[in-house]
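Let's take a walk through this fold together, starting with its sheet and then moving on to the helices that pack against it.

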Amino acid sequence: MTGLEKILEQIRLDAEESAAGIRKQAEQEAAEFLNGEEAGIEKQLLADREKIKSDAALKLSRGQSAAALYRRKKLLYARQEIVADRIEEAKQYLKDLPDEEYFLYLKRLLTKYALQEKGEICFSRRDLKRLPQDFRSYAESMGLAVSNQPVRTDGGFLLSYRDAVVDCSFDVLFASERDRLADKVKEMLF
């Protein structure tokens, strides 16, 4: 080997050694970078998992609250339906009373709602047909003439005075007492 060949060989060896050192340093830096990135990614994954768990717990809580609210609304609606049905049954019970009991009840209503002046008492067509004579006499003793013209009512009666009409139909009486009746029905049922 000549001197030039030795120099070239030495340059080649130095270059290979330098390249190997650069490669080793690059691999080491790449490994450190990857380890750092993996740690960062792992840390981010843990944070993301915690956030997902927290979000899921919040959504579950909201869902449970919404379900509980829906259940309470449905329960309230069902109770209101039951109360309304019982009130309607009570009204129907009064309408279906035997004539003697029915007009006895109407006498009590008349005593409670009649004004101390002359007037007229009006019944439905059905009630006019079955009106007992003793009720007619009772109404007349209170200064009320029994009208032969039927009115549209489904139970009860109307009192007509010169300046006022007192509606004692079952629909109006039950409507005016609805809250009180509903409270009593709720108390009995629930």
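Before we start, one term: two strands count as paired if DSSP finds at least two bridges between them. Keep in mind, too, that this is a predicted model.

With that in hand, look at strand S1 (residues 119–122) and strand S3 (residues 156–160): they pair in the antiparallel sense, over three bridges. You can pick out individual partners here. Glu120 has Ser160 of S3 as its bridge partner, and Ile121 is matched with Leu159 of S3. Now turn to S2. Strands S1 and S2 run parallel, and three bridges join them. One of the partners to look for is Leu144 in S2, which goes with Gly119.

Put the strands together and you get an open sheet of four, in the order S2-S1-S3-S4, with mixed pairing. The edges are strand S2 (144–146) and strand S4 (165–169), each of which pairs on one side only. If you ignore direction, neighbouring strands of this sheet are turned by 20 degrees against each other on average.

Next come the helices. Helix H2 (residues 99–113) lies across S1, S2, S3 and S4, and runs at about 30 degrees to S3. Helix H4 (residues 133–141) packs on the sheet as well, touching S1 and S2, and its direction makes about 145 degrees with that of S2.

Let's try a quick check on H2. How far apart should its ends be, given 15 residues at 1.5 Å a residue? The expected span is 21 Å, and the end C-alpha atoms are 21 Å apart, which agrees.

Now, which residues of H2 are buried? They are Tyr102, Phe103, Leu106, Leu109 and Leu110. These residues cover an arc of only 105 degrees around the axis, so they sit on the same side of H2. Here's the background: an α-helix has 3.6 residues a turn, so residues three or four places apart point the same way. On the face of H2 turned away from the buried side, you'll find the exposed residues Glu100, Arg108 and Lys112.

Finally, how do the two helices sit relative to each other? The axes of H2 and H4 come within 11 Å and cross at roughly 5 degrees. Angles under 35 degrees count as roughly parallel, so H2 and H4 are roughly parallel to each other. H2 makes the contact with Phe103, Leu106, Lys107, Leu110 and Thr111, while H4 brings Asp134, Phe135, Tyr138 and Ala139.

Definitions and conventions:
Residues are numbered from 1 along each chain as its sequence is written. This is a predicted model: local features need pLDDT of at least 70, side-chain atom pairs count only at pLDDT 80 or more; totals for chains, interfaces and linings use all residues. Side-chain values use heavy atoms; hydrogens and water are left out. Axes are lines fitted to C-alpha atoms, for helices over the stretch in contact, and angles run from 0 to 180 degrees between N-to-C directions. Contact means heavy atoms within 4.5 Å. The expected span of a helix is 1.5 Å times one less than its number of residues. Buried means under 20% relative accessible area, exposed over 50%, partly exposed in between (1.4 Å probe, protein chains only). The arc is that of the directions from the helix axis to the C-beta atoms. Angles under 35 degrees count as roughly parallel, over 145 as roughly antiparallel, 65 to 115 as roughly perpendicular and the rest as oblique.
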